[in-house]
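Welcome, and please take a look at the model shown here. A short tour follows, from the overall fold to its sheets and its pocket.

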Amino acid sequence: DKAVRLDLAEPESLRFQFLCRDRSPVSYFSFYLPSGQGWYSASFGAFSSDDWTTVTIRKTGTRVEERPGGWGAIDTIRISAWRSEDRDTEFFVRDVQATGGGGSVVVVRGESLAAGPGNDLDTACQYSGVVAERLAETGIPFSTMSDLDLTAQRLEGKRLVILPYNPKLPPEAESLLVRFLQNG
């Protein structure tokens, strides 16, 4: 664990350098970003190597666990190695950077659905991921933003907001989007 104070509401991904000279005792690695009462998480593999490897964790590739408070309130970075053999090894991390995002387009990921019943959250994450992939393929700069992170300041200068699957928005986000539309 590394205690941090990160506002990742607008960047599209986190990138870092990773080194694990002997990965054989590890089945896979997990990457966690705690926020509020929940987590954003992703898994990644890494090959045993004497060279640093670049790992990129895309926001749209993360799972939502429990009830996170949004990407704007990340307080820890955690990387876990999941054991496959009962032997010790070590890994190193350096040069953690937020990357991507920006532009005049925002894709709103319906993460507030984590507070409700059903599997709408999985659907919201899946659909926002598909839209983000298509935008990336076309080279259109965009940000994927949680509906928990929407603010007037973050929408300033944006020209298009895409809601891929957002059956229920927090009242604050709904009000912000109404004002966004009224402002042209």
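## Overall fold

The protein chain has 3 helices and 11 strands. Please keep in mind that this is a predicted model. Following the sequence, you will meet these elements in the pattern β-β-β-β-β-β-β-β-β-α-β-α-β-α.

How does the radius of gyration compare with the globule rule for 184 residues? The protein chain has a radius of gyration of 18 Å, and the rule gives 16 Å; the two values are close, so the chain is as compact as a globular protein of that length. Along the principal axes, the C-alpha atoms fill a box of roughly 60 × 35 × 30 Å. As for burial, 43% of the 184 residues count as buried.

## A three-stranded open sheet

Let us turn to the strands. An open sheet is formed by 3 strands in the order β5-β2-β8, with antiparallel pairing. Its edge strands are β5 (53–58) and β8 (92–99), each of which pairs on one side only. From one strand to the next, the twist averages 20°.

You can follow the pairing of β2 (residues 13–19) with β5 in the structure: the two are antiparallel and share 6 bridges. For a place to start, find F18, whose bridge partner in β5 is T53.

## A covered strand and its parallel partner

Next comes β10 (residues 142–146), a mostly covered strand in which 5 of its 5 residues are buried. In a regular strand, side chains alternate between the two faces of the sheet. Which residues of β10 lie on each side? F142, T144 and S146 are on one side, S143 and M145 are on the other, and all are buried, so that both faces of the strand are covered.

Strand β10 also has a parallel neighbour: β9 (residues 105–109) is joined to β10 by 5 bridges. Within this part of the model, V108 stands opposite M145 of β10.

## The largest pocket

The largest pocket has a volume of about 250 Å³. Two elements each give two or more residues to its lining, namely α2 (152–155) and α3 (171–182). Of the elements, α3 gives the most, with 4 residues.

Here are the lining residues to pick out: A152, L155, E156, G157, K158, R159, L176, R179, F180, L181, N183 and G184. What is the make-up of this lining by class? There are 5 nonpolar, 3 polar and 4 charged residues.

Key:
Residues numbered from 1 in each chain as written. Predicted model: local features only at pLDDT ≥ 70, side-chain atom pairs only at ≥ 80, totals over all residues. Heavy atoms only, no water. 1 Å grid on protein atoms, 1.4 Å probe; cavity = no way out; pocket = protein on both sides within 12 Å on 5 of 7 lines; lining within 4 Å. Points joined across faces, edges and corners; volume = space filled by probe spheres on them. Nonpolar A, V, L, I, M, F, W, Y, C, P; charged D, E, K, R; others polar. Pairing = 2+ DSSP bridges. Axes fitted to C-alpha atoms, helices over the stretch in contact; angles between N-to-C directions. Rg over C-alpha atoms; globule rule 2.2 N^0.38 Å. Buried < 20%, exposed > 50% of the residue type's maximum accessible area, 1.4 Å probe, protein only.
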